[in-house]
Amino acid sequence: MKPADISSLRMLRRARDRIDRDYAEPIAISALACAAGYSREHFIRAFRVAYGETPGRYRTRRRVERACELLRSANLTVTEICHLVGFTSLGTFSTRFAELTGMSPTAYRREAARRGGPAPIPGCFALMWRSGLPASGPGNASLPEKPPPAAGP
């Protein structure tokens, strides 16, 4: 396959950046290909030539990298982490994780704890970071923007 031109590389880079940004979202490879101006099959081939792996494999690797971070730093279950990083099946997550790291997610967490490191982030904070804070509404008290004026003498 011949090397891609600058315009093609720019479109492939945008697709890769989108995978990096939205790694947990269920973005179809065909949607990435369409946005880059390729057919699905041509996109997969061009991505592999440019980056050394298929877009699906790249996304899986990015998801596992994010899972490693969460396993080291967040107090969440393996299942919660599996879903946070975009896998829908715990079995698939565990299999892909072991393929890329050489150990199961539980063994990885145990080994990271043995080596030491920062205290785990409480799971509720990690989940809020992913889903955002609840919106203010009738049931949620909100602070006034300015305190009321003080009573004069």
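In helix α4, the side chains of R62 and E65 form a salt bridge with an N to O distance of 2.7 Å. The model examined here is predicted. R62 and E65 are three residues apart in α4, and are therefore separated by about one helical turn. An α-helix has 3.6 residues a turn, so residues three or four places apart point the same way. E65 has a relative accessibility of 27% and counts as partly exposed. R62, at 18%, counts as buried, because the limit for that class is under 20% relative accessible area.

R62 also meets the side chain of D20 in a salt bridge, at 2.9 Å from N to O. This pair links distant parts of the chain, since D20 belongs to helix α1 (residues 6-21) and R62 to helix α4 (residues 55-73), with their positions 42 residues apart in sequence. D20 is buried, with a relative accessible area of 18%. The two contacts of R62 are part of a wider arrangement, in which D20, E53, R61, R62 and E65 are linked in a network of salt bridges.

Over the whole structure, the search finds 11 salt bridges. One of them joins the side chains of D22 and R18, with an N to O distance of 3.5 Å. Both partners are partly exposed: D22 has a relative accessible area of 21%, and R18 has a relative accessibility of 30%.

R59, also found in helix α4, has no salt bridge although this arginine is buried. The nearest side chain of opposite charge is that of D22, at a distance of 9.5 Å. A salt bridge requires a nitrogen to oxygen distance within 4 Å, so D22 does not qualify as a partner of R59. When residues up to four places away in sequence are not counted, R59 touches I19, Y23, E25, I27 and I29.

Two further arginines are placed over aromatic rings. R66 lies over the face of Y23, at 4.7 Å from the ring centre. Y23 is also among the residues touched by R59. The charged end of R63 sits over the ring of F87, and the distance to the centre of that ring is 5.7 Å. Among the aromatic residues themselves, the count comes to seven aromatic pairs. One aromatic cluster is formed by Y38, F43, F47, Y51 and Y58.

Helix α2 (residues 29-36) has I29, L32, A33 and A36 as its buried residues. Seen down the axis of α2, these buried residues fall within an arc of 100 degrees, so they line one face of the helix. C34 and A35, on the other side of α2, are exposed. The buried residues of α2 pack against α1, α3 (40-51) and α4. I29, one of these buried residues, is among the contacts of R59. Just after α2, G37 takes a positive phi of about 85 degrees.

A15 is found in helix α1 and is buried, with a relative accessible area of 6%. Leaving aside residues up to four places away in sequence, A15 touches L32 and F43. L32 is one of the buried residues of α2, and F43 is a member of the aromatic cluster. A15 and P55 are 40 residues apart in sequence, and their C-alpha atoms are 8.7 Å apart in space.

T79 has its place in helix α5 (residues 78-84). At 37% relative accessibility, T79 counts as partly exposed. T79 and G91 are 12 residues apart along the chain, and their C-alpha atoms are separated by 9.8 Å.

How values were computed. Residues are numbered from 1 along each chain as its sequence is written. This is a predicted model: local features need pLDDT of at least 70, side-chain atom pairs count only at pLDDT 80 or more; totals for chains, interfaces and linings use all residues. Side-chain values use heavy atoms; hydrogens and water are left out. Rings of Phe, Tyr and Trp (its six-membered ring) pair if their centres lie within 6.5 Å; planes under 30 degrees apart count as stacked, over 60 as edge-to-face and the rest as tilted. A charge sits over a ring if NZ of Lys or CZ of Arg is within 6 Å of the ring centre and within 35 degrees of the ring normal. Buried means under 20% relative accessible area, exposed over 50%, partly exposed in between (1.4 Å probe, protein chains only). Helices (H or I, at least four residues) and strands (E, at least two) are DSSP runs, numbered from the N terminus. Lys and Arg count as positive and Asp and Glu as negative; His and the chain ends are not counted. Contact means heavy atoms within 4.5 Å. The arc is that of the directions from the helix axis to the C-beta atoms.
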